[in-house]
Amino acid sequence: MTKEIQIQSLGFAVNASLGGDRQQIQPDTINLCKSLIDQQGYCLIQGLPDDFDVNEFFGNFGHFIAQYDGEYAYSVKSTPQLQNYSDSKSTNCLKPHTDGSDYNVPPHLLALLCLQPATCGGGQTLLADGYQFIASLDSDTYAEIGTRIYQFKSKKGIHAYRDYHVESPILDEIPGVNRSILRFSHNLLLYGDYSVPIKGAVIEADEFTKNLCDRLMEFFDWHHTSILLNRHDLLIWDNWRMVHSRRKYQDCDRHLLRYWLG
Ligand SMILES: O=C(O)CCC(=O)C(=O)O
Ligand SMILES: [Fe+2]
């Protein structure tokens, strides 16, 4: 049985300090966000203005990466078609993962902008430090996750059409990137697909991988930060380092926009 442990954020949120002619986010706030992402792996900005200019703001952090639908802003909103899947477009819980693990270079930063919060008490976004998890592994497991090759690809089911495919270890080294990149999807590694049916999914993983997923789940349960996004909150995190998940919710009006930056 999965433990339900609620651990509140150990980090702190930044208030969007506005100024200038057009009431934009100020350079001091942007620098504070960058240093929080470096230190704790994420940054939560609260109190964004109604006319917040995402293009201008994200220009300080990197360039947009097109997502599976070709768009820069991906709508995280439940749809009845995916209600029986563990998918971001459902109200179901999401198991720990990093985004874009099937991209040659996964997005460095991931941002969620809340347009409409969940009012039901669920739908928290959970984050844990994947580098800390890796540091907790024994040397044999550590060596294995840097060498054992996995197919990061939607093989069947609702995302099988996706034209993305990477063969890579979980802990990947990419030329030109000066640190390791974590690729992780509990669903893919355990059940063989990114979005799996809520009921009846069959475990496909070998013993090593199953054990690794169990260990990550246990680490995640104990070490996550839980964030309930309010309207116009922006949560940004380092997707090469942090693993994230989501609690289930009931309020079908919950609506986030997801951005990937490289
Ligand atoms: O809904 C959330 O809080 C997270 C969604 C998510 O993980 C995703 O869209 O990749
Ligand atoms: Fe995600």
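**Exercise 1. Determine which strands each supply at least two residues of the shell around ligand 1, and classify that shell.**

Solution. The strands in question are β15 (242–246) and β16 (255–261), where strands (E, at least two residues) and helices (H or I, at least four) are DSSP runs numbered from the N terminus. The model is predicted: local features need pLDDT of at least 70, side-chain atom pairs count only at pLDDT 80 or more, and totals for chains, interfaces and linings use all residues. Residues are numbered from 1 along each chain as its sequence is written, while chains are lettered from A and ligands numbered from 1 in the order in which they are written.

Next, list the shell. Ligand 1 is surrounded by V76, S88, L94, D99, L112, T125, H244, R246, L256 and R258; a residue is near a molecule if its C-beta atom, placed from the backbone, lies within 6 Å of it.

Finally, sort by class: the shell has four nonpolar, three polar and three charged residues. Ala, Val, Leu, Ile, Met, Phe, Trp, Tyr, Cys and Pro count as nonpolar, Asp, Glu, Lys and Arg as charged, and the others, Gly among them, as polar.

**Exercise 2. Establish the strand order of the open six-stranded sheet and identify its edges.**

Solution. The order is β1-β4-β14-β7-β16-β5, with mixed pairing; two strands pair if DSSP finds at least two bridges between them. The edges are β1 (14–15) and β5 (74–77); each has a single partner strand, so one side of each lacks a neighbour in the sheet.

Within the sheet, β7 (residues 109–116) pairs with β16 in the antiparallel sense over seven bridges, and L109 stands opposite L261 in β16.

Helix α1 (residues 27–40) packs on this sheet, touching β1, β4 (42–46) and β14 (234–238). Contact requires C-beta atoms, placed from the backbone, within 7 Å. The direction of α1 makes about 145° with that of β4; axes are lines fitted to C-alpha atoms, for helices over the stretch in contact, and angles run from 0 to 180 degrees between N-to-C directions.

**Exercise 3. Describe the open four-stranded sheet and the helix lying across β6, β8 and β15.**

Solution. The sheet runs β6-β15-β8-β13, with antiparallel pairing. Its edges are β6 (94–97) and β13 (225–227), each with a single partner strand, so one side of each is left without a neighbour in the sheet. Neighbouring strands of this sheet are turned by 20° against each other on average, direction ignored.

Strand β8 (residues 125–129) pairs with β15 over five bridges, and L127 stands opposite H244. The helix is α6 (residues 207–223), which runs at about 110° to β8.

Definitions and conventions
Two residues are in contact if their C-beta atoms, placed from the backbone, lie within 7 Å.
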